[in-house]
Amino acid sequence: MSGSQCCENPPTLSSGYGAGSITEIGGLKTYITGPSDSNRSVVLISDIFGYEAPNLRKLADKVAAAGFYVVVPDFFKGDPYVPENADRPIPVWIKSYGTDKGYEDAKPVIAALKSKGISAIGAAGFCWGAKVVVDLSKSDHIQAAVILHPALVTVDDIKEIKAPIAVLGAEYDQVAPPALLKQFEEVLSARSEINGYVKIFPGAPHGWSVRYDAEDERAVKSAEEAQIDMLDWFAEYVK
């Protein structure tokens, strides 16, 4: 993973942020929010900055308000990427937290949700998390996928997915540039058995959906549009 745009605009992490609570699900410490008796769940898989990012938890609460039981697992076990730590640049840090490990760690979380009676699960992934979501969508783990400013996702990955998928990308994204997303779109268009679409947000940079400046009205509006698109997708396919 390139260390450029993935590292920009790091959030100020806050363990106490959000209307939900912390519990353990599938062996991972997890932020949970929303009706615990819902039979519909959404798993949010963070970018490299982890599950304590306030904008991510704010989004989790918004999804929960739509009636979903939302879980945000700590895939990095208290050790998210820290840009200030010069001893662990992205290439070093990622060796401990590859997306293949994220995928394996996600499976017990999905199993735990199903064991509590949840019958429909959607998953959304941001940057690093997008690759984990795509891997989950290659089998019957989830019913719907949304990936936002994805990293590490390839055209071959898109050829293998089995769940309906929405791909939300940015115009100014060097990690997943519009040219790559157009290839995703071509693959999805050729696969009539899979519902999916690609949307590129004009003027948006990598990370815009959860790493926006709350004081920037245009950035907030663009992030909220992406979040609504995500919610609409889950409302249609996670039921």
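The largest pocket in this predicted model holds about 310 Å³ of space. Twenty residues is a fair number to sort through, so to speak, but a good place to begin is the centre: of the 20 residues that line this pocket, Gly203, Ala204, Arg218, Ala219 and Ser222 are the closest to it. Two elements, β8 (196–205) and α7 (217–237), each supply at least two residues of the lining. Of the contributors, β8 gives the most, with seven residues. Sorted by class, the lining of the largest pocket has eight nonpolar, five polar and seven charged residues.

Let us follow β8 from the pocket into the sheet. Eight strands form an open sheet, and reading across it gives the order β1-β2-β4-β3-β5-β6-β7-β8, with mixed pairing. The strand that gives the most to the pocket lining is also an edge strand: β8 and β1 (21–25) each pair on one side only. From one strand to the next, the twist averages 25°. As a reminder, strands of a sheet pair through backbone hydrogen bonds, either parallel or antiparallel. Which way do β7 and β8 run? Strand β7 (residues 165–172) and β8 run parallel, and seven bridges join them. To find your place along this pair, look for Ala166, which stands opposite Tyr197 in β8.

Now turn to the helices on the sheet. Helix α1 (residues 54–65) packs on it, touching β1, β2 (28–33), β3 (40–45), β4 (69–73) and β5 (120–126). The direction of α1 makes about 50° with that of β2. Helix α3 (residues 99–115) packs on the sheet too, touching β1, β2, β3, β4 and β5. Here the angle is given against β4, and the direction of α3 makes about 155° with that strand.

What about enclosed space? Rolling a probe the size of a water molecule over the atoms shows where empty space is left. A search of the whole structure finds one cavity of 30 Å³ or more, and about 30 Å³ of space lies in it. Its lining is made by Ser46, Asp47, Gly50, Ala53, Leu56, Phe126 and Val210. These residues divide into four nonpolar, two polar and one charged. Two of the names tie back to the sheet and its helix: Leu56 lines the cavity and falls within α1 (residues 54–65), while Phe126 lines the cavity and belongs to β5 (120–126).

Finally, a look at charge pairing. Side chains of opposite charge can pair when their charged atoms come close. The count for this model comes to 14 salt bridges. One of them links Asp135 with Lys131, the closest N and O atoms being 3.8 Å apart. Both residues lie in helix α4 (residues 128–136), and because they are four residues apart there, about one helical turn separates them.

Methods:
Residues are numbered from 1 along each chain as its sequence is written. This is a predicted model: local features need pLDDT of at least 70, side-chain atom pairs count only at pLDDT 80 or more; totals for chains, interfaces and linings use all residues. Side-chain values use heavy atoms; hydrogens and water are left out. On a 1 Å grid over the protein atoms alone, a cavity is a set of points where a 1.4 Å probe fits but cannot get out, and a pocket is an open set with protein on both sides within 12 Å along at least five of seven lines; lining residues have an atom within 4 Å of a point. Grid points are joined across faces, edges and corners, and a volume is the space filled by probe spheres set on the points. Ala, Val, Leu, Ile, Met, Phe, Trp, Tyr, Cys and Pro count as nonpolar, Asp, Glu, Lys and Arg as charged, and the others, Gly among them, as polar. Two strands pair if DSSP finds at least two bridges between them. Axes are lines fitted to C-alpha atoms, for helices over the stretch in contact, and angles run from 0 to 180 degrees between N-to-C directions. Contact means heavy atoms within 4.5 Å. A salt bridge is a side-chain nitrogen of Lys or Arg within 4 Å of a carboxyl oxygen of Asp or Glu.
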